[in-house]
Amino acid sequence: MTKGDILLLHGAFVGGWVFERMRGELSRRGWKTHAPDLPFHGSEFAGAAPHPDLRRQRLTEYRAALTEEIHRLTPPGHPAPVLIGHSLGGLLAQQLAAQNLARAAVLLAPVAPWGILPRTRWEMETIYGLMKAHVADKAIPPNFELAAEYSMDRIPPALQRDIFARLVPESGRVLYETLLWWMDWQAESYVSARRMQVPTLVLCGSDDKVTPPATCRAVARRYPGRAVFREIPDLSHFTFGEPQEDAVIAMVADWLDEHAL
């Protein structure tokens, strides 16, 4: 008998494969894990031209795909799953949990929901770059130099190219809705803090430039009495493949055993 279902939600430019090592440990501890790919994020899109429909994907489409997966895994009468989301997946996990689709949530370096202002120079540089690129109607291919500097900077250089070869294009509309949220009059990245009622763990690396500790703390503060924040030294944003990955996995697994059973 398993402890229950865990749905792992990946971030931008990647697929469910990033959770390979975490799934192994969680499965060993008795959880049944699932790591679906977001629309047009499967391995067949790595190194390929963006699918024509990718640029039309919004957070709405991503949420709909994940909601369908949750309903498939947990029919009526079945306990809701735990949600573990990394980066963009961390934002989606908040939105789904606020829709009563989770029993607990783990947010790894989560993208902040609508209303949380950027707090660092690196965040402002990213926002300025997106504004200059007019990303809203485009599919954005991965960029090795940016990934190596901002996201994979704690991953050994010999592995960076291997990981980059597995990256896929991302919807510019989704990047617009998340990182340029004040320009999105539909507020697609909004999360109702009042409806986010599940136990929540927010993890962030001390060296994260994409979702820095100050921003992740602000995410945890949105959910007083329900969310706890933990900062991990020497961890950057990508997490998977970094030297501290095992520490992250152990912290997540231990917290779930205490708060999600």
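# Close-up views of a predicted protein chain

**View 1. Strand 3 sits inside the structure.** Five of the five residues of strand 3 are buried, so this strand is largely enclosed by the rest of the structure. Buried means under 20% relative accessible area, exposed means over 50%, and partly exposed lies in between (1.4 Å probe, protein chains only). Strands (E, at least two residues) and helices (H or I, at least four) are DSSP runs, numbered from the N terminus. This is a predicted model, in which local features need pLDDT of at least 70 and side-chain atom pairs count only at pLDDT 80 or more, while totals for chains, interfaces and linings use all residues. Residues are numbered from 1 along each chain as its sequence is written, and side-chain values use heavy atoms, with hydrogens and water left out. In a regular strand the side chains alternate between the two faces of the sheet. Here Val-82, Ile-84 and His-86 point one way from strand 3, Leu-83 and Gly-85 point the other way, and all are buried.

**View 2. Strand 3 has a partner on each side: strand 1 and strand 4.** Strand 1 (residues 4-9) runs parallel to strand 3 (residues 82-86), and four bridges join them. Within this pair, Leu-8 has Ile-84 of strand 3 as its bridge partner. Strand 4 also runs parallel to strand 3, with five bridges between them. There, Leu-83 stands opposite Ala-105 of strand 4. Strands of a sheet pair through backbone hydrogen bonds, either parallel or antiparallel.

**View 3. Six strands form an open sheet.** Follow the strands across and you will meet them in the order 2-1-3-4-7-8, with parallel pairing. Two strands are said to pair if DSSP finds at least two bridges between them. At the edges are strand 2 (31-34) and strand 8 (227-232), each pairing on one side only. On average, neighbouring strands of this sheet are turned by 20° against each other, direction ignored. Angles run from 0 to 180 degrees between N-to-C directions, and axes are lines fitted to C-alpha atoms, for helices over the stretch in contact.

**View 4. Helix 1 and helix 3 meet the strands.** Helix 1 (residues 20-28) packs on the sheet and touches strand 1, strand 2, strand 3 and strand 4 (104-108). Contact means heavy atoms within 4.5 Å. The direction of helix 1 makes about 155° with that of strand 2. Helix 3 lies across strand 1, strand 3 and strand 4, and runs at about 150° to strand 3.

**View 5. Helix 2 packs against helix 3.** The angle between helix 2 (residues 59-73) and helix 3 (residues 88-97) is about 65°, and their axes are 11 Å apart. From helix 2 come Leu-59, Tyr-62, Arg-63, Leu-66, Thr-67 and Ile-70, which meet Leu-88, Leu-91, Leu-92, Gln-95 and Leu-96 of helix 3. By class, this contact has eight nonpolar, two polar and one charged residues. Ala, Val, Leu, Ile, Met, Phe, Trp, Tyr, Cys and Pro count as nonpolar, Asp, Glu, Lys and Arg as charged, and the others, Gly among them, as polar.

**View 6. Two loop residues have a positive phi: Phe-13 and Ala-109.** Most residues other than glycine have a negative phi. Phe-13, in the loop between strand 1 and helix 1, has a positive phi of about 75° although it is not a glycine. Ala-109 belongs to the loop between strand 4 and helix 4 (121-133), and its phi is also positive, at about 45°. With 4% relative accessibility, Ala-109 counts as buried.

**View 7. Phe-45 and Ala-136 lie in two further loops.** Look for Phe-45 in the loop between strand 2 and helix 2. Phe-45 is buried, with a relative accessible area of 15%. Leaving aside neighbours within four places in sequence, Phe-45 is in contact with Phe-40, His-51, Val-168 and Pro-169. Ala-136 is found in the loop between helix 4 and strand 5 (139-140). Not counting residues up to four places away in sequence, Ala-136 touches Arg-55, Gly-172, Arg-173 and Tyr-176.

**View 8. Stepping back, the protein chain has nine helices and eight strands.** Buried residues make up 54% of its 261 residues. The C-alpha atoms fill a box of roughly 50 × 40 × 35 Å, taken along the principal axes.
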